Amino acid sequence: MHTLRYILLSIFISISFLIQAQKAEVKSPDDKLKVDVELKQGNLFYKVWYTDHLVLEESRLGLKTNLVNYAENLSWEGEELNNLDYTYQQEKIKRYDNHYQANQLICKLKNSDQRPIHIIFQVSNHNIAFRYFLPHTEDPVALVVEEELTSFNFLPEAKGYLSAQSKPMVGWQRTKPSYEEPYQVGQDINTVSPNGNGYTFPALFQSGSEWILISETGVRSLYCGSHLSDPDDEGNYQIAFPNVGENNGFGSTGAAIGLPAYTPWRTITVGQSLKPIVETTIPYDVVEPLYEPSQKYEYGKGTWSWIMWQDGSINYEDQKKYIDLSASLGYEYVLIDNWWDKYIGYDRMEELIQYADSKHVSVFLWYNSNGAWSDAPQTPKHKMKTSIARKKEMKWLQEQGVKGIKVDFFGGDKQETMRLYEDILSDANDYGLMVVFHGATLPRGWERMYSNYVGSEAVLASENLMFSQAFNDIEALNATLYPFIRNAVASMEFGGVVLNKRYNKTNDGGNYRRTTDAFQLATAVLYQNPVQFFALAPNNLEDAPGFAIDFMKEVPTTWDETLLLDGSPGKYCVMGRRSNNKWYICGVNAQKEAINLKLHFPMLAGSEVEFYGDDKQGYSYHKSVQVKKDGLLKFTIQPQGGLIFKQH
């Protein structure tokens, strides 16, 4: 009897142990953010909690490849917990000194064929990063990831602030997708995207008292870029791979991998305010530099004629005027845009570069990435697609003293295209060239991964102000969305700060600017990118307020610290950025009524600061302001207006 009882008890303990071993949890260092992982009937799920509030309901995990199923009939092999603590410095992002502390959970599983898969969770305060690791095993080791079951299952009351993923090979000259779709603000969680193709990263959600930002980082040539699928009826979004039609139908929609292999990181940022969303550095915390810089790259400001003067300005004399403008402003760079090879030519471009050098201005040159993935006609073409042509061109650029290139019109998010991004960046570094991408995908940790990467468009940027009056009408709205979504996860080369009242060469025709001068100045601080090409024009030296020109001469483009001080997506945003020991506090207002705020700015306490703002008629002005010792300031931001407090 005792023996039978002992056997039954042993069986019960063994079963209990197995049941208990099917789940694990990991918390942030401050214990507020928690991930629960559980294996149920061979399928793996996770949940996310913040301060005991359920943020994500039970959500799937797993991978399916062409030959091996890593998503079903899984068995739990164990787990491992580690503490991570390291620092790094990065000049090109929102904060220079960064300290990453996280608790790591590695869940180890096997499928029915005894093929191992590990899921790695790293949970820091406010941030979750997770990815898959497939260890080396017996053949087959060459696989194609065809589906990632990773999902994000939101509560029914959640709302989304999302940008739709474009259909491929549509739009002007079949150049989409180019991450240039508008944002839908506060939509129901189960809303299907207007294109039926899901939503781009990053994606912002509000669920109860929590804000959640979903994105990915660490994407390079070894994987494809991803986005979110359309939701099911329950508000569940799955990782989606590129549309088969991207890149003109060329290239796999999945990811070709060779074991051992890591997938990119999926990231989740959570907070009960928007402050952790705007201030997150998780896209950079979990990636590493891929190569050393071939030289010290210098970041800064530049002008470009194309935004206000368009294609007709791509000639020798007009470019001299913009070089002179950069020199007058003390800017480091001038960007010469499309068609320069046709309307200026290589020989005269060499002369123009020498002229710029005599003015202590360096040159960025524009290129069309295109090989066979759109009909965009702008030249130079066929210089960046292949390594032979690319290295020949970059050798010439280096010999002429060109400092950077802007490469445009990419074909989508397939692995084939991710290889092209990486190849351009790697080759450009060999020739001492910085790289800006336009008509391009979201950068995913690239500021830290690639030493010569200095920004991407990947947003409805300033060119749309030239193209459409309707875009001018919502410029302030977009400015109160980008800091909370797009610019929260990556540098954003917007090409803004327009001081013309009208969008044409002579400042007397074309679209009307709706926003104030103070608003435009504020965006120089609001939008973060280490190299900024502003939309200033030569006439602004005469027709813009002197204080505006003076401000644009000295505003930095790299920052040591970034703080969200107040704001709400689609309404207003007040942000502080520090460069060395000087704080710049900017604010913009998208609402139809003026907004009156009373905020503490302890960094300005007791000091005299420069103030830029607007009166009720929308005229901008500048004055000195004495901040009280308690740092409390009362101020007003006018409709479609802005403000700046700048330390001396």
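This report describes two helices, the internal cavities and several loop residues of the structure above.

The model is predicted, and local features are accepted at pLDDT of at least 70, side-chain atom pairs count only at pLDDT 80 or more, and totals for chains, interfaces and linings use all residues. Residues are numbered from 1 along each chain as its sequence is written, and side-chain values use heavy atoms, with hydrogens and water left out.

## Helices 5 and 15

Helices (H or I, at least four residues) and strands (E, at least two) are DSSP runs numbered from the N terminus. Helix 5 comprises the 14 residues 316-329, and at 1.5 Å a residue it should span 20 Å, which agrees with the 20 Å between its end C-alpha atoms; the expected span is 1.5 Å times one less than the number of residues. At the N-terminal end, Asn 315 acts as the cap of helix 5, with a side-chain oxygen 3.2 Å from the backbone nitrogen of Glu 317. Such a polar contact is a pair of N or O atoms within 3.5 Å; within protein, one must be able to donate a hydrogen and the other to accept it, and residues adjacent in sequence count only if both atoms are side-chain atoms. After helix 5 comes Gly 330, which has a positive phi near 75°.

Burial is judged by relative accessible area, with buried meaning under 20%, exposed over 50% and partly exposed in between (1.4 Å probe, protein chains only). The buried residues of helix 5 are Tyr 316, Asp 318, Gln 319, Tyr 322, Ile 323, Leu 325, Ser 326 and Leu 329. Their packing partners include helix 4 (306-309), helix 7 (346-358) and helix 17 (546-554), together with strand 22 (300-304) and strand 23 (333-336). In helix 15 (residues 517-526), ten of the ten residues are buried, so this helix is largely enclosed by the rest of the structure. Among the buried residues of helix 15 are Asp 517, Phe 519, Gln 520 and Leu 526.

## Cavities

On a 1 Å grid over the protein atoms alone, a cavity is a set of points where a 1.4 Å probe fits but cannot get out, and lining residues have an atom within 4 Å of a point. Grid points are joined across faces, edges and corners, and a volume is the space filled by probe spheres set on the points. The structure holds four cavities of 30 Å³ or more, and the largest cavity has about 100 Å³ of space. It is lined by 15 residues, of which Ser 163, Tyr 179, Glu 181, Tyr 183 and Val 459 are the closest to its centre. This lining divides into ten nonpolar, three polar and two charged residues, where Ala, Val, Leu, Ile, Met, Phe, Trp, Tyr, Cys and Pro count as nonpolar, Asp, Glu, Lys and Arg as charged, and the others, Gly among them, as polar.

The second largest cavity has a volume of about 60 Å³, and its lining divides into five nonpolar, three polar and two charged residues. Lys 94, Asn 487, Leu 526 and Arg 577 are among the residues that line the second largest cavity, to which helix 14 (486-489) and strand 30 (572-579) each supply at least two lining residues.

## Loop residues

Most residues other than glycine have a negative phi, and most peptide bonds are trans. The table lists departures from both patterns.

| Site | Backbone value | Loop |
|---|---|---|
| Asp 139 and Pro 140 | cis peptide bond, omega about 5° | Pro 140: between strand 10 (127-134) and strand 11 (142-148) |
| Thr 379 and Pro 380 | cis peptide bond, omega about 5° | Pro 380: between strand 24 (362-368) and helix 8 (387-400) |
| Asp 31 | positive phi, near 70° | between strand 1 (23-27) and strand 2 (33-40) |
| His 360 | positive phi, near 60° | between helix 7 and strand 24 |

Asp 31 is exposed, with a relative accessible area of 54%, and His 360 is exposed at 70%.

Ser 226, in the loop between strand 16 (210-217) and strand 17 (227-228), is buried at 0% relative accessibility. Its contacts (heavy atoms within 4.5 Å), not counting residues up to four places away in sequence, include Tyr 179, Glu 216, Arg 266 and Arg 444.

His 126 lies in the loop between strand 9 (116-124) and strand 10 and is partly exposed, with a relative accessible area of 22%. The C-alpha atoms of His 126 and Ile 268 are 8.2 Å apart, although 142 residues separate the two along the chain. Beyond its neighbours within four places in sequence, His 126 contacts residues including Leu 33, Tyr 50, Ile 268 and Pro 276.

Notes
On a 1 Å grid over the protein atoms alone, a cavity is a set of points where a 1.4 Å probe fits but cannot get out, and a pocket is an open set with protein on both sides within 12 Å along at least five of seven lines; lining residues have an atom within 4 Å of a point.
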